[in-house]
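Here are a few exercises to work through with the model open. Try each one before reading its solution.

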Amino acid sequence: EVNVEITGRVVPGEDGKPSSLQGVTRDITERRKVEAERERLRLAVEHTAETVIITDTEGVIRYVNSAFEKTSGYRKEEVLGRSVSLLESGYHSSDYYVEMWKILRSGQSWQGRFINKKKDGSIFTEEASISPVFSPEGEIIGYISAQRDVTYQTELEQQLFQSQKREAVGQLAGGVAHDFNNILQAMMGYCEMLREQVDEDTEAHEFVDELYKGAERAAELTRQLLTFSRRQEIQPRDLDLNEVVLDTLKMIERTIGEQIEIVTRLYEGE
């Protein structure tokens with residue numbers, strides 16, 4: 001079986017009436033195969049999950065697939081004949097695009113990421129691979145771009161990066177807290193010795209007590225930092241919050257100016 005294309009006409013006689021038929025039959029089997037292959041490629045591109053954009057040499061859009069509509073929010077009819085710059089969000093400098101076009105017009109492919117803007121104004125990130133399209137003579141006649149929405153992936157990468165930063169900060173805090181705790185232990189030891197040498201009824205003894213309590217609070221802070229950095233297990237314990245507030249108040253009142261008034265509302269229950 002072959003596919004043929006027939007062109008025919010009626011040949012009139014001398015009396016003007018149809019006398020015969022003339023026709024040409026052309027074998028188009030190969031052409032139909034090419035057309036069928038082209039249709040299969042079109043359907044494959046149309047139904048791929050990645051956005052496909054075909055432009056001319058000036059970046060004017062000539063074709064977009066269905067994935068483009070879902071990703072960008074634009075209908076095909078709204079973008080055909082318009083420049084791809086309509087997707088630009090302003091997050092990239094002009095040099096970014098200049099460098100991209102320089103590579104493409106040299107006949108090379110370009111890969112990178114775009115922070116683009118949808119029709120509704122929302123921002124999304126795409127990973128793109130753009131290649132030149134060549135004519136049989138080797139001239140660039142357009143460009144084809146395959147793009148994938150990686151907004152969610154980018155957010156995960158940012159979360160991982162922030163998590164790694166927090167872990168690094170935790171490790172640093174743990175190391176500092178460990179060394180600082182050793183210094184505090186020495187300070188608290190000297191405070192104990194000062195207590196034995198200073199009379200309890202003197203103001204100096206009170207200062208030593210406050211210094212010791214401050215060192216204890218600093219030691220508690222270092223324990224929290226060590227817990228944060230996972231170098232020490234959490235050890236919950238009961239606290240008298242009124243006592244904590246009053247102890248802290250004694251230290252604060254000596255360090256702040258008289259222009260600041262501190263008002264406390266302590267628990268009055270049993």
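**Exercise 1.** Which residues make the nonpolar surface patch of about 550 Å²?

Some ground rules first. This is a predicted model, where local features need pLDDT of at least 70, side-chain atom pairs count only at pLDDT 80 or more, and totals for chains, interfaces and linings use all residues. Residues are numbered from 1 along each chain as its sequence is written, and side-chain values use heavy atoms, leaving out hydrogens and water.

*Solution.* Step one: patch residues have over 30% relative accessible area and no salt bridge, with nonpolar side chains (Val, Leu, Ile, Met, Phe, Trp, Tyr) joined within 5 Å and like charges within 9 Å. Step two: the members are L172, V176, F180, I183, M187 and L211. Step three: helix α5 (residues 151-197) gives the most, 5 residues. L172 sits in that helix, α5, and at 58% relative accessibility counts as exposed (over 50%; buried is under 20%, partly exposed in between; 1.4 Å probe, protein chains only).

**Exercise 2.** Find what the side chain of E5 pairs with, and place both partners.

*Solution.* Step one: look for a salt bridge (a Lys or Arg side-chain nitrogen within 4 Å of an Asp or Glu carboxyl oxygen). E5 meets R31 at 3.2 Å, N to O. Step two: E5 is in strand β1 (residues 4-12) and R31 in helix α1 (residues 29-47), 26 residues apart. Step three: E5 is partly exposed at 28%, and R31 is partly exposed at 38%. Step four: zoom out, and E5, R26, R31, R32 and E35 form a salt-bridge network.

Definitions and conventions: Areas by Shrake-Rupley, 256 points an atom, 1.4 Å probe, with all protein chains shown as cover. Helix = DSSP H or I, 4+ residues; strand = E, 2+ residues; numbered from the N terminus.
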